[in-house]
Amino acid sequence: MVMETFPLLVFTTFAGLAAGAYAVDSLCGNGRSICRTHTENAPEAKPLRPWLFPLVCLVLLGLGLCGTLAHLGQPLRFVNGMANPGSMIAQEAYWSIAFGLVVVVDLALASFKGVSVRPVRWVGGLIAVGLMVVTGLAYYQSLGLPAWSGAATVPLFLVGDLALGAGLCALLNRSGLANSSLAAASVAAGVAFAATLCAFGLHLARIGVDATGLLVASGVLGPLVASIAVAAVRAGVLPARIGGVVVCLFTLVGVVLARVAFFAAGLM
């Protein structure tokens, strides 16, 4: 089971991190964030390395696609899959390529201009949403696997990726959680993810599959801890930089646990 599903876990997690981050950034403007100089009385502010965000997302997407190649096993299978536009693996590939091209353009423009180009981020965010939805649909259409073909499958991937993306934005921007829109997006994604976990757990119970332990652990370590960290940052108890690390790390753990439960349930 581990060997069969690990490449799928790699793709959905790493590509989901990149896609979710672009979708969140398109709404919250992570690329426009600024950081003050260390001199307390210095009035000037400078952009927060605008090239870092697309570079990290490009690397994450590349790692995710390596998982897809490992899952297929042979390059010829990838070619055959691409030749059938109606297949979901081809759709995932098309959306991944389109998303990757936008990220490359974003990286080049950010490096050359020294600032993020917001329309490019918006386009990337739209394509990222398409990629996340297609990823969920690829499993939802597995009609022979009742655990995967429930109504909670697409939201499980979409909302999970958005939660991952909010965590990555908070990590890359040292003062990100001081941004009320990013903090709100992180908490909202966490609450929605917790609700999705409940829906998926009820679906599994209906078909006689028990993954309660993993799903509860996912909800506690993911949405709950991340939301507490956001609240601590907003209350001034926790520095924003440390809060970003906590939110990203625990959201990642929560989403990975949920997907381990998802893939394991499909193979029971």
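This section describes the helical architecture of the predicted model, from the whole chain down to selected helix pairs and residues.

The protein chain contains nine helices and two strands, and, read from the N terminus, its elements follow the order α-β-β-α-α-α-α-α-α-α-α. Of the 268 residues in the protein chain, 50% are buried. Among contacts with a separation of 6 or more, 77% are accounted for by residues 24 or more positions apart.

Helix H4, spanning residues 88-113, and helix H5, spanning residues 118-140, have axes that come within 9 Å and cross at roughly 160°. Because angles over 145 degrees count as roughly antiparallel, H4 and H5 are roughly antiparallel to each other, and the crossing in which H4 passes H5 is left-handed. On the side of H4 the contact is made by Met88, Gln91, Glu92, Trp95, Ser96, Ala98, Phe99, Val102, Asp106 and Leu109, while H5 contributes Val120, Arg121, Val123, Gly124, Ile127, Ala128, Gly130, Leu131, Val134, Thr135, Leu137 and Ala138. Sorted by class, the residues of this contact between H4 and H5 comprise 14 nonpolar, five polar and three charged ones.

One of the H4 residues in that contact is Leu109, which is partly exposed, with a relative accessible area of 29%. The C-alpha atom of Leu109 lies 9.2 Å from that of Val120, a residue 11 positions apart from Leu109 along the chain. When neighbours within four places in sequence are left aside, Leu109 is in contact with Gly114, Val115, Val117 and Val120.

A second helix pair is formed by H7, covering residues 180-206, and H8, covering residues 212-234, whose axes come within 10 Å and cross at roughly 165°. This angle makes H7 roughly antiparallel to H8, and the crossing of H7 and H8 is left-handed. The contact involves Ser180, Ala183, Ser186, Val187, Gly190, Phe193, Ala194, Leu197, Phe200, Gly201 and Leu204 of H7, together with Leu215, Ser218, Gly219, Pro223, Ser227, Val230 and Arg234 of H8. By class, the contact of H7 with H8 consists of 10 nonpolar, seven polar and one charged residues.

Helix H8 itself has 23 residues and reaches 32 Å from its first C-alpha to its last, which is close to the 33 Å expected at 1.5 Å a residue. The buried residues in H8 are Leu215, Ser218, Gly219, Gly222, Pro223, Ala226, Ser227, Ala229, Val230, Ala232 and Val233, and the buried residues of this helix pack against both H7 and H9. Just after H8, Gly236 adopts a positive phi of about 85°.

The packing of H9 can be followed through two of its residues, Thr251 and Leu257, the latter placed in this helix at residues 240-266. Thr251 has a relative accessible area of 7% and is therefore buried. Apart from neighbours within four places in sequence, Thr251 is in contact with Ala163, Leu164, Leu221, Gly222 and Ala226, and two of these partners, Gly222 and Ala226, are among the buried residues of H8. For Leu257, with neighbours within four places in sequence again left aside, the contacts are Leu214, Ala217, Ser218 and Leu221. The C-alpha atoms of Leu257 and Val216, which are 41 residues apart along the chain, are separated by 9.4 Å.

Helix H6, at residues 153-172, has 20 residues and reaches 29 Å between its first and last C-alpha atoms, close to the 28 Å expected at 1.5 Å a residue. H6 is mostly covered, with 16 of its 20 residues buried. Ala163, a residue of H6, counts as buried at 7% relative accessibility. Not counting residues up to four places away in sequence, Ala163 touches Ala189 and Thr251, and Thr251 belongs to helix H9. The C-alpha atoms of Ala163 and Ser186 are separated by 6.2 Å, although these residues are 23 residues apart along the chain; Ser186 is also among the H7 residues that make the contact with H8.

Note on methods
Residues are numbered from 1 along each chain as its sequence is written. This is a predicted model: local features need pLDDT of at least 70, side-chain atom pairs count only at pLDDT 80 or more; totals for chains, interfaces and linings use all residues. Side-chain values use heavy atoms; hydrogens and water are left out. Axes are lines fitted to C-alpha atoms, for helices over the stretch in contact, and angles run from 0 to 180 degrees between N-to-C directions. Helices (H or I, at least four residues) and strands (E, at least two) are DSSP runs, numbered from the N terminus. Angles under 35 degrees count as roughly parallel, over 145 as roughly antiparallel, 65 to 115 as roughly perpendicular and the rest as oblique. A crossing is left-handed if the near helix is turned anticlockwise from the far one by less than a right angle, and right-handed if clockwise. Contact means heavy atoms within 4.5 Å. Ala, Val, Leu, Ile, Met, Phe, Trp, Tyr, Cys and Pro count as nonpolar, Asp, Glu, Lys and Arg as charged, and the others, Gly among them, as polar. Buried means under 20% relative accessible area, exposed over 50%, partly exposed in between (1.4 Å probe, protein chains only). The expected span of a helix is 1.5 Å times one less than its number of residues.
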